[in-house]
Amino acid sequence: MAPSSNTTPHITASSLRLPRLISRYLLVLILIPAGLYKLFAPIATLSHDMPWTGEHPLMVRFTGIVDIAGGIGLIIPSFIRSAALGVVALMVSAIVFHFSRGEQANTPFNFFLLALALFVWWGRTRPACTHFDQFKDKTSQR
């Protein structure tokens with residue numbers, strides 16, 4: 001029997017498990033080191049990489065703490081959804097901040113992190129595909 005030409009790929013929660021995991025840990029690997037750098041590097045050093053830090057030293061320290069908190073929250077299962085939303089809020093704030101200063105060229109990485117955080121958050125709001133659901137899907141295709 002020839003396969004139907006009307007078949008479309010079926011994306012399940014389990015098929016997105018690995019991309020969600022990679023996205024989450026990519027965020028962790030970016031946020032925690034960036035937060036540590038913002039928190040502990042001298043402002044003079046930071047201002048060479050990020051000119052706005054010289055004008056707003058307390059804000060850069062605060063965002064360092066938020067970066068670290070978001071990264072740690074993405075590791076702890078019960079906090080993943082909240083942490084992802086926190087990262088979304090942080091990235092939206094960063095984008096608005098840079099646009100308000102005419103620094104649009106500095107925002108592509110923020111948009112990338114925003115997309116990752118939204119994907120992680122979205123993935124945590126989807127109902128998990130259980131073993132029974134996977135079995136049911138296979139039997140319904142027969």
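**Buried charges and helix packing in a predicted model**

Both Asp-67 and Lys-38 are buried, and in this predicted model their side chains meet in a salt bridge with an N to O distance of 2.9 Å. The pair links distant parts of the chain, since Asp-67 belongs to helix H4 (residues 57-73) and Lys-38 to helix H1 (residues 17-40), with their positions 29 residues apart in sequence.

The setting for this pair is a protein chain with seven helices and zero strands, which reads along the sequence as α-α-α-α-α-α-α. Of the 142 residues of the chain, 32% count as buried. The surface that the protein chain exposes comes to about 9,300 Å², and carbon and sulfur atoms supply 68% of this area. Among contacts between residues at least 6 apart in sequence, 60% join residues at least 24 apart.

Helix H4, which contributes Asp-67 to the salt bridge with Lys-38, was examined further. At 1.5 Å a residue, the 17 residues of H4 should span 24 Å, and the end C-alpha atoms of the helix are indeed 24 Å apart, in agreement with that expectation. The buried residues of H4 are Val-60, Thr-63, Gly-64, Asp-67, Ile-68, Gly-70, Gly-71 and Gly-73. What covers these buried residues includes H1, helix H2 (43-49), H3 and H5; H1 is also the helix that holds Lys-38.

By the rule applied here, the count of salt bridges comes to three. Besides the pair of Asp-67 and Lys-38, Glu-55 forms a salt bridge with Arg-101, the closest N and O atoms being 2.8 Å apart. This pair, too, links distant parts of the chain, with Glu-55 in helix H3 (residues 52-55) and Arg-101 in the loop between helix H5 (80-100) and helix H6 (108-125), 46 residues apart. Arg-101 also forms a salt bridge with Glu-103, where the closest N and O atoms are 3.0 Å apart. Through these shared partners, Glu-55, Arg-101 and Glu-103 are joined into one network. Within the network, Arg-101 counts as partly exposed because its relative accessibility is 28%, which falls between the cut-offs of 20% and 50%, whereas Glu-103, at 15% relative accessibility, lies under 20% and therefore counts as buried.

The loop between H5 and H6 is also the place of Thr-107. With a relative accessibility of 3%, Thr-107 counts as buried, and its side chain reaches the backbone oxygen of Gln-104 at 2.7 Å. When neighbours within four places in sequence are left aside, Thr-107 is in contact with Ile-95, His-98 and Phe-99.

Beyond this loop, Trp-121 lies in helix H6 and is partly exposed, with a relative accessible area of 28%. Leaving aside neighbours within four places in sequence, Trp-121 is in contact with Arg-81, Ala-84 and Leu-85. In addition, Trp-121 and Gly-86 are 35 residues apart in sequence, while their C-alpha atoms are 9.8 Å apart in space.

Conventions: Residues numbered from 1 in each chain as written. Predicted model: local features only at pLDDT ≥ 70, side-chain atom pairs only at ≥ 80, totals over all residues. Heavy atoms only, no water. Helix = DSSP H or I, 4+ residues; strand = E, 2+ residues; numbered from the N terminus. Buried < 20%, exposed > 50% of the residue type's maximum accessible area, 1.4 Å probe, protein only. Contact = heavy atoms within 4.5 Å. Areas by Shrake-Rupley, 256 points an atom, 1.4 Å probe, with all protein chains shown as cover. Salt bridge = Lys/Arg side-chain N within 4 Å of Asp/Glu carboxyl O. Expected span 1.5 Å × (residues − 1). Polar contact = N/O pair within 3.5 Å; in protein donor to acceptor, adjacent residues only side chain to side chain.
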